[in-house]
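Colleague: I am new to reading structures, and I would like a close look at one part of this one. Could you take me through the aromatic side chains and what surrounds them?

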Amino acid sequence: MSRFLIVVIAMLITLRAAAQSACPCCTDNHRQFDFWIGEWAVYNPAGTLAGENRIEVVQDSCIIRETWTSLNSKFTGTSYNFFNTQTGKWQQLWVDNQGSHLELKGGLVGNEMILSTDAIRNTKGELQIDRITWTPLPGGMIRQRWEKSVDAGKIWTTLFDGTYKRKSDVR
């Protein structure tokens with residue numbers, strides 16, 4: 001191999017490493033959940049405004065942070081969402097002002113982001129799985145459906161069903 005070719009290959013390897021270190025979370029996998037980013041008004045199935053949600057990219061594009069505020073109560077919460085390169089899955093850590101938290105994992109299935117918890121004991125002592133699905137809708141809207149199952153995923157009960165509309169589109 002010629003010395004010139006070796007130098008070119010070394011330069012390409014160096015440039016690629018520099019690009020990855022400049023933005024290690026700028027891969028296609030890390031951008032799968034970007035459809036959720038924005039300032040949102042969230043409506044329940046009856047069309048009533050349920051709350052507001054701000055979804056933003058932080059930490060050099062490595063984390064998507066959610067800041068939820070309910071309009072019907074003093075309920076607020078924050079989630080941190082990231083693509084875990086070690087597991088190849090998305091993860092979410094949700095914490096709220098009621099002392100609750102959820103740890104979900106999953107990924108993109110078709111055009112939907114589907115994250116779920118491991119089975120954990122709820123306040124009734126049942127093993128419960130929580131699953132949240134985000135589905136892009138026509139017109140730039142998103143549907144978020146939070147469900148639970150207490151029978152290992154055979155039957156799902158909806159806990160929250162919201163339609164996200166960009167605040168800039170709400171009149």
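Modeller: Here is a walk through the core, the ring pairs and some charged neighbours. Keep in mind that this is a predicted model.

Let's begin inside. The largest nonpolar core has 18 residues, and those with the most contacts inside it are Phe33, Trp36, Trp40, Trp90 and Trp134. The elements that give two or more residues to this core are β1, β3 (63–70), β5 (89–96), β6 (101–109), β7 (112–116) and β9. In soluble globular proteins, nonpolar side chains tend to be buried together.

Now pick out Trp134. Leaving aside residues up to four places away in sequence, Trp134 touches a list of residues that includes Phe33, Phe35, Trp36, Met113, Leu115 and Ile142. Polar and charged names appear there too, among them Gln92, Glu112 and Arg143. Ring pairs also link Trp134 into a cluster with Phe33, Phe35, Trp36, Phe83 and Trp90.

How many aromatic pairs are there? The count comes to 9. One of them joins Trp68 and Phe160 edge-to-face, with 6.1 Å from centre to centre and 75° between the planes. Trp68 lies in strand β3 and Phe160 in strand β11 (residues 157–166), so this pair links parts of the chain that are 92 residues apart. Trp68 counts as buried because its relative accessibility is 9%, while Phe160, at 22%, counts as partly exposed.

A second pair, Phe75 with Trp94, is tilted: the centres are 6.2 Å apart and the planes 35°. Here Phe75 sits in the loop between β3 and β4 (76–84), and Trp94 belongs to strand β5, 19 residues away. Phe75 has a relative accessible area of 25%, so Phe75 is partly exposed; Trp94, at 12%, is buried.

Finally, look at charges beside rings. The charged end of Arg131 sits over the ring of Trp156, 3.8 Å from its centre. Arg131 also meets Glu147 in a salt bridge, at 2.9 Å from N to O. That salt bridge links strand β9 (residues 127–136), where Arg131 lies, to strand β10 (residues 142–149), where Glu147 lies, the two residues being 16 apart. Which of these two partners is buried, and which is partly exposed? Arg131 is partly exposed, with a relative accessible area of 22%, whereas Glu147 is buried at 8%. Another charge, the end of Lys165, sits over the ring of Tyr43, 4.8 Å from the ring centre.

Notes: Residues are numbered from 1 along each chain as its sequence is written. This is a predicted model: local features need pLDDT of at least 70, side-chain atom pairs count only at pLDDT 80 or more; totals for chains, interfaces and linings use all residues. Side-chain values use heavy atoms; hydrogens and water are left out. A salt bridge is a side-chain nitrogen of Lys or Arg within 4 Å of a carboxyl oxygen of Asp or Glu. Helices (H or I, at least four residues) and strands (E, at least two) are DSSP runs, numbered from the N terminus. Buried means under 20% relative accessible area, exposed over 50%, partly exposed in between (1.4 Å probe, protein chains only). A nonpolar core is a set of buried Ala, Val, Leu, Ile, Met, Phe, Trp, Tyr and Cys residues joined through side-chain atoms within 4.5 Å. Contact means heavy atoms within 4.5 Å. Rings of Phe, Tyr and Trp (its six-membered ring) pair if their centres lie within 6.5 Å; planes under 30 degrees apart count as stacked, over 60 as edge-to-face and the rest as tilted. A charge sits over a ring if NZ of Lys or CZ of Arg is within 6 Å of the ring centre and within 35 degrees of the ring normal.
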